[in-house]
2 protein chains.
Amino acid sequence: MSDAALTRLVHRRRAPAGNLILDGEQDPGWIAVILSGVVKLLKTAADGRRQIVGLQFPGQFVGRPGGKPSPFLAEAASDVDLCCFAGSSFETAMRENRDLEHVVMHQTLEELDVAREWMFVLGRKTAQEKVASLLLLMAHHLAPEPADVPSAGKAIEFELPLSRTEMAEYLGLTIETVSRQISNLKAHGVISIRGARVVSVPDLAALADWSENNKS
Amino acid sequence: MSDAALTRLVHRRRAPAGNLILDGEQDPGWIAVILSGVVKLLKTAADGRRQIVGLQFPGQFVGRPGGKPSPFLAEAASDVDLCCFAGSSFETAMRENRDLEHVVMHQTLEELDVAREWMFVLGRKTAQEKVASLLLLMAHHLAPEPADVPSAGKAIEFELPLSRTEMAEYLGLTIETVSRQISNLKAHGVISIRGARVVSVPDLAALADWSENNKS
DNA sequence: CGCATTGTTGAGAGCTGTCAAACAGCGTGG
DNA sequence: CCACGCTGTTTGACAGCTCTCAACAATGCG
């Protein structure tokens, strides 16, 4: 196979933060795996209202098998590195490799659960709980050492891949409200902040408490 | 194959309104197709807050392939009629019949899109728009003659499969707010109501307008 | 017909949104 | 090196929407 042909089948793509990756209308002709960075999926209304409906982290797919694109925009939240597979070859690979098909199915079901969990956040949580929930989510995904269970006394630190505007768009809030809730968490010692993006959480369990009610 | 063996592989199940169908914890051992009625998927928090995260209509699946159940409760919103397939035989059928697998995949992707669309409703719409959006959704699913496109001047009538409480749980509102918004739509002639459950919409396009901003 | 359940309506409080201004970070250019 | 302006964040004051609490009406059932 020639280099040119190979490049058509699989290629690398870098998208700087803020870049549009999928326009939600036309089939890009490829399906990608995120190598690094965070991708946001969002819906925009005619009057300008915006809602982020999903965040994709490294190892997850961007794009959709079957030619029909998902009806949402995909944008790079941070600088993103993608590995893109030509749609046709991806479909072929799925047909021929049952395991790949199962991986795609498994990830889709996982995304569905995550979306529904977030529906609870959007529909039932207070602004304070929403912000704590988002920070907790980020801690789970971005912690240097994966500490999936919020263990007491475990301090972690990470850099937010989202601006205040993006946090608000994911939480169904305004940037002012997000900022106030962050300040409040800071004032109560639940988190501390360096330069608006670096968050350190002395006690994940305490943050988890704040994400469910208002204890501690 | 004996009747008993067949019954283990596929059987009918009726669930009266309000009945718990899946507890969100243990694998029920089957996957079902809804023959009639509406099933709600919901998440409950320890403090009693409830959020409906999905509605399933006839033709859609309830349950999940792969043994791992979805982490949400499934309840009958109206009287429900299910056709249940033993999980093991369903898995076998998926392995042997590519088409079935594709149908499941297609439905899962569809559910994912619907969930994300609803995230926008929950995060960005006003109470008035939320209620109008729900009525519009019901009109599309329950209209006697499927009028997928909200065409002007088309009057339709349907019976709500949800109580005010359930509407509130799906919309992230309280029952009082739902009731007030319904009254308001009534007062503006967008809908009319008979007996709290039967809704008639003289003009779907007008309802669609109310679901997006507050015109008309 | 009486009762329980469900839905409606009202009054007031509280949370979040809106509008506005101050502040911080950061690259540019003097 | 510092002044400047741009962008993003924080904070404040206030209004408005939705929630809470309460009473009442309507519906359904024994």
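Where do R98(B) and E101(B) lie, and how many residues apart are they? I began my notebook with this question and looked the pair up in the model, which is a predicted one. Both residues belong to helix α3 (residues 98–124) of chain B, and they are three residues apart, about one turn of the helix.

**Entry 1: the pair in helix α3 of chain B**

I checked the side chains of R98(B) and E101(B) and found that they meet in a salt bridge, at 3.6 Å from N to O. I recalled that side chains of opposite charge can pair when their charged atoms come close. I then looked up how accessible the two residues are. R98(B) has a relative accessible area of 24%, so I noted it as partly exposed. E101(B) has 9% relative accessibility and therefore counts as buried, since the cut-off for buried is under 20%. I also noted that salt bridges with shared partners join R98(A), E101(A), R98(B) and E101(B) into one network.

**Entry 2: other salt bridges**

I looked up the total for the structure and recorded 26 salt bridges over all chains. I then examined E169(B), which forms a salt bridge with R50(B); their closest N and O atoms are 2.8 Å apart. This pair links distant parts of the chain, for E169(B) is in helix α5 (residues 164–171) of chain B and R50(B) is in strand β5 (residues 50–56) of chain B, 119 residues apart. Are these two partners buried or exposed, or in between? I found that E169(B) counts as buried, at 10% relative accessibility. R50(B) counts as partly exposed, at 26%. I added one further pair: the side chains of D47(B) and R49(B) meet in a salt bridge at 2.8 Å, N to O. D47(B) has 47% relative accessibility, so I recorded it as partly exposed.

**Entry 3: the surface near DNA strand D**

I listed the residues around DNA strand D and recorded 15 of them, the closest being R164(A), S179(A), S183(A), A127(B) and T177(B). By class, this surface has three nonpolar, seven polar and five charged residues. Which part of the strand do the protein atoms approach? Of the atoms of DNA strand D within 4 Å of the protein, 65% belong to sugar or phosphate, and the rest to bases.

I then looked at single contacts. A polar side-chain atom of S183(A) lies 2.3 Å from a phosphate oxygen of DNA strand D. For R164(A), the distance from a polar side-chain atom to a phosphate oxygen of the strand is 2.7 Å. R180(B) has a polar side-chain atom 3.0 Å from a base oxygen of the strand. The elements that give two or more residues to this surface are α6 (175–187) of chain A and α6 (175–187) of chain B. Helix α6(A) gives the most, with four residues.

**Entry 4: helix α4 of chain A**

I compared expected and actual span for helix α4 (residues 127–142) of chain A. At 1.5 Å a residue, its 16 residues should span 22 Å, and the end C-alpha atoms are 22 Å apart, which agrees. I found 12 of the 16 residues buried, so the helix is largely enclosed by the rest of the structure. Among the buried residues are V131(A), L134(A), L135(A) and M138(A).

**Entry 5: a sheet in chain A**

I traced an open sheet of four strands in chain A, in the order β1-β8-β3-β6, with antiparallel pairing. β1 (10–15) and β6 (61–62) stand at the edges with a single partner strand each, so one side of each has no neighbour in the sheet. Strand β3 (residues 30–36) pairs with β6(A) over two bridges. I noted V33(A) opposite F61(A) in β6(A).

Technical notes. Residues are numbered from 1 along each chain as its sequence is written. Chains are lettered from A and ligands numbered from 1 in the order in which they are written. This is a predicted model: local features need pLDDT of at least 70, side-chain atom pairs count only at pLDDT 80 or more; totals for chains, interfaces and linings use all residues. Side-chain values use heavy atoms; hydrogens and water are left out. A residue is near a molecule or strand if one of its heavy atoms lies within 4 Å of it. A polar contact is a pair of N or O atoms within 3.5 Å; within protein, one must be able to donate a hydrogen and the other to accept it, and residues adjacent in sequence count only if both atoms are side-chain atoms. Ala, Val, Leu, Ile, Met, Phe, Trp, Tyr, Cys and Pro count as nonpolar, Asp, Glu, Lys and Arg as charged, and the others, Gly among them, as polar. A salt bridge is a side-chain nitrogen of Lys or Arg within 4 Å of a carboxyl oxygen of Asp or Glu. Buried means under 20% relative accessible area, exposed over 50%, partly exposed in between (1.4 Å probe, protein chains only). The expected span of a helix is 1.5 Å times one less than its number of residues. Two strands pair if DSSP finds at least two bridges between them.
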